[in-house]
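Good morning, and thank you for coming. Please look at the sequence and the structure as they appear on the screen.

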Amino acid sequence: MGTQVIPVIFVTGIVLATIGLGMYGTRLSRTTSDFYVAGRGVGAFWNSSAITGEYLSAASFMGIAGMLMKYGYDVLWYAVGYSAGFLVLLLFIAAPLRRFGAYTIPDFAHGRLDSIGMRKVAVAFVLAIGFFYMMPQLKGAGITLAQLFGSPYWVGVVLVGGVVAVNVVIGGMKGLTLVQAFQHWVKQFAIMVPLFVIVSVTGTGVGATLTAAERVGGTDPVPAVSQDLTAHWPAGGAVAFTSDGTIVPRTDTRATLTRAPGATSPSPASRRVTLSAGTPFRAAKGERLVFAESVSATIRAGTTMPNVIDGRSWSRPFGAMTARFGDRYALLYTVSLLVALLCGTAGLPHILVRFYTNPDGRRARLSTLMVVVFTSLFYVFPAAWGALGRTFVPSLYANGSTDLAILKLPEQVMAAAGSPLAGAVLVGVMSAGAFAAFMTTFSGLLMSVASTFAHDIYARIMHPKARASARLTAFQIAAAGCAAIAICLALLIEEFDINLLVGWVFAIAASTFFPLLLMGVWHRGLTPAGAVTGMLAGGAGSIGSVIYSMLVELGVAAAPAPLIGVLTHQPAIWTVPLAIGLMFAVSRATRSSVPANARLIMLRLHAPEQLGLRPE
Amino acid sequence: MGSKLDVHGEEFIRVLVRRQLGLSCSVAALLVAALGAVLLMNRFQPSVMSTRLLGLPVSWWTVGVGAFPVLVGLAWVYLRRSGDFEDEAIGMVDIATLPPREANGSHPGKVR
């Protein structure tokens with residue numbers, strides 16, 4: 001019992017440090033400009049730390065390791081893609097966006113195309129992306145706290161949501177810059193140092209770690225459940241039996257039983273079954289049970305650990321994740337995922353708003369370069385956590401909770417080495433890192449959504465003559481309101497998968513804001529009609545695909561043909577070119593409505609500051 | 001560059017946008033080529049990519065480790081080149097066409 005207090009201390013520490021730094025930052029924040037974009041005077045190192053801090057969300061800190069543990073090699077592309085997204089941002093967006101000099105993306109859309117309609121469309125997508133992205137962050141907080149302290153799901157959601165809302169309301173962005181820079185380094189420390197401790201305890205090098213992970217379900221059999229394992233599955237949760245096994249549900253539950261191809265049985269490939277409370281259900285090798293409702297159940301000792309894919313396909317390219325619609329389409333799936341990650345980063349509103357805090361275009365480039373360095377330093381580590389997780393905490397496979405690998409691994413390894421105290425400290429460090437991840441990303445998103453309400457909707461569309469103090473009040477009310485909405489939404493989505501949600505947000509951002517910014521910055525002939533058509537088509541295509549895929553995952557819609565499956569599960573490969581192509585074609589057709597000041601704006605976007613062309 | 005350019009003229013903005021976009025596209029092409037090469041090797045030369053170096057297959061080295069220095073290297077090259085080009089662009093401008101400056105500002109044409 002004693003050691004369980006240690007992670008609580010770490011989590012309390014990170015929450016208090018967040019509040020303290022936010023309040024300290026507030027004293028530096030005075031004007032509206034300070035409030036929104038930190039007065040544009042933040043140094044490159046701090047700004048890069050803050051951007052990276054804001055970017056590394058629950059999906060990066062917990063999700064990549066968890067997904068890699070589950071699916072293997074293919075997940076490495078996530079890490080590279082998340083980092084490479086900033087290279088694309090550097091190449092095409094960073095300096096011009098800073099030189100344009102506006103507070104928010106809707107400001108850019110409005111100013112670049114001289115159209116209030118553009119502002120409204122951009123506002124709609126900021127809100128859609130923002131709320132969509134906030135939910136999985138809060139969900140991560142809920143399940144982590146539930147795991148660590150056995151608290152109900154809503155406690156973590158409300159705690160993290162509430163702390164961040166208070167910080168944003170009182171501090172604005174100046175407070176946040178400090179907080180986020182600090183939390184970035186907390187995350188970097190947490191993903192790196194405990195890993196070194198664990199590796200020195202297990203005594204495995206890089207190659208040996210991978211070989212050990214590969215051997216699970218490869219040359220060695222998948223381990224059997226050593227004692228009865230009780231776990232919770234959300235609706236849609238699956239148990240894939242790799243040998244005959246027994247599961248006992250606590251409550252009556254409906255499920256679908258499917259049979260892997262090749263299994264010999266007279267029963268049809270897929271049928272509905274009802275499991276009765278307390279009655280053992282025998283499943284045969286190759287059978288897969290998908291629960292229609294959330295359920296707690298016990299897997300009997302002796303059953304081979306379910307849901308573990310074989311070691312060979314785990315360690316090879318084009319495995320279970322990318323070949324989910326068949327090996328033929330695995331390359332297409334990977335490429336489309338990469339398009340979403342590379343282009344999506346450059347379309348995230350909460351990241352883009354940070355570029356206004358650089359003093360000039362060149363320093364915007366320099367801080368983006370530093371972000372590429374910082375993210376690279378971070379993203380080499382999650383894979384090692386995932387590989388170690390496969391060897392040391394296979395019990396997480398049972399109900400698909402591999403996202404918790406980074407919390408469970410230190411506990412398990414250190415307990416086996418006879419030092420549970422050290423294990424508790426490491427779990428504390430990892431929990432602090434996880435909380436830093438939820439809080440930074442959530443606060444950045446809340447900031448961008450709330451400033452969209454206060455700045456774009458209230459100050460620019462509703463009351464253009466509102467005074468600064470009225471705008472600040474509007475911002476604070478918006479921040480509190482948006483946090484409350486996000487908390488309510490997050491309470492409804494306990495059963496959805498974090499990683500899938502975040503990957504889909506990238507696809508939506510890549511199909512809407514990335515094309516707008518790319519074309520807005522480089523194509524002088526862009527017209528409002530072209531930009532709107534492209535964004536709406538890209539947005540409709542990507543959001544429609546995402547919703548369709550969610551319905552398929554939940555079993556509401558029928559599974560599509562494999563090619564359609566790939567193109568809706570990872571839509572970026574067609575939605576991004578569609579949006580860009582439509583922007584180009586429609587702009588050509590509506591040539592006469594190119595904004596009159598387009599040339600001047602191009603000059604403002606691209607001319608170096610030293611020429612003194614800007615009034616600032 | 002023979003005669004200097006009017007900062008508000010058609011030619012200056014065209015040179016500025018073309019050169020910068022050309023540079024960005026070249027670096028992006030290198031990125032796509034690097035990622036594409038790994039993807040295609042994974043698909044069509046799996047035995048090469050599963051060769052082990054120091055215990056780790058080439059496929060893991062390239063994506064899990066090697067990709068990151070490549071990203072940083074490309075970013076560095078772009079940062080240098082784009083900065084150099086901007087200095088060059090400042091030198092192309094006819095100073096007489098620039099807007100007037102405050103008395104304490106350094107002369108724009110002489111920066112760096």
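I shall speak about one strand, then about cysteines, and finally about an interface.

This is a predicted model, in which local features need pLDDT of at least 70 and side-chain atom pairs count only at pLDDT 80 or more, while totals for chains, interfaces and linings use all residues. Residues are numbered from 1 along each chain as its sequence is written, chains are lettered from A and ligands numbered from 1 in the order in which they are written, and side-chain values use heavy atoms, leaving out hydrogens and water.

Let us begin with strand 1 of chain A, residues 229-233. Helices (H or I, at least four residues) and strands (E, at least two) are DSSP runs, numbered from the N terminus. Which side chains of strand 1 of chain A are buried? They are A:L229, A:A231 and A:W233, which point to one face, whereas A:T230 and A:H232 point to the other and are not buried. Buried means under 20% relative accessible area, exposed over 50%, and partly exposed in between, with a 1.4 Å probe and protein chains only.

Strand 1 of chain A runs antiparallel to strand 8 of chain A, residues 295-299, and 5 bridges join them; two strands pair if DSSP finds at least two bridges between them. In this pairing, A:T230 stands opposite A:T298.

A:N399, in the loop between helix 15 and helix 16 of chain A, is buried at 18% relative accessible area. Its contacts (heavy atoms within 4.5 Å) include A:A231, A:H232 and A:W233.

Now to the cysteines. A search of the whole structure finds 0 disulfides over all chains, a disulfide being a pair of cysteine sulfur atoms within 2.5 Å. Why does A:C482 form no such bond? The closest cysteine sulfur, in A:C488, is 12 Å from the sulfur of A:C482, which is too far for a bond. A:C482 counts as buried, at 2% relative accessibility.

Finally, the interface. In chain A, 54 residues are in contact with 52 residues of chain B. The size of an interface is often given as the accessible area lost when the parts come together. Chain A and chain B bury about 4800 Å² between them, 73% of it on carbon and sulfur atoms; this buried area is the accessible area (1.4 Å probe) that two parts lose on being put together, summed over both.

There are 8 salt bridges between chain A and chain B, each a side-chain nitrogen of Lys or Arg within 4 Å of a carboxyl oxygen of Asp or Glu. One of them joins A:D327 to B:R43, with the closest N and O atoms 3.2 Å apart. Helix 5 of chain A gives the most to the side of chain A that touches chain B, with 11 residues.

Key:
Lists of a residue's contacts leave out its neighbours within four places in sequence.
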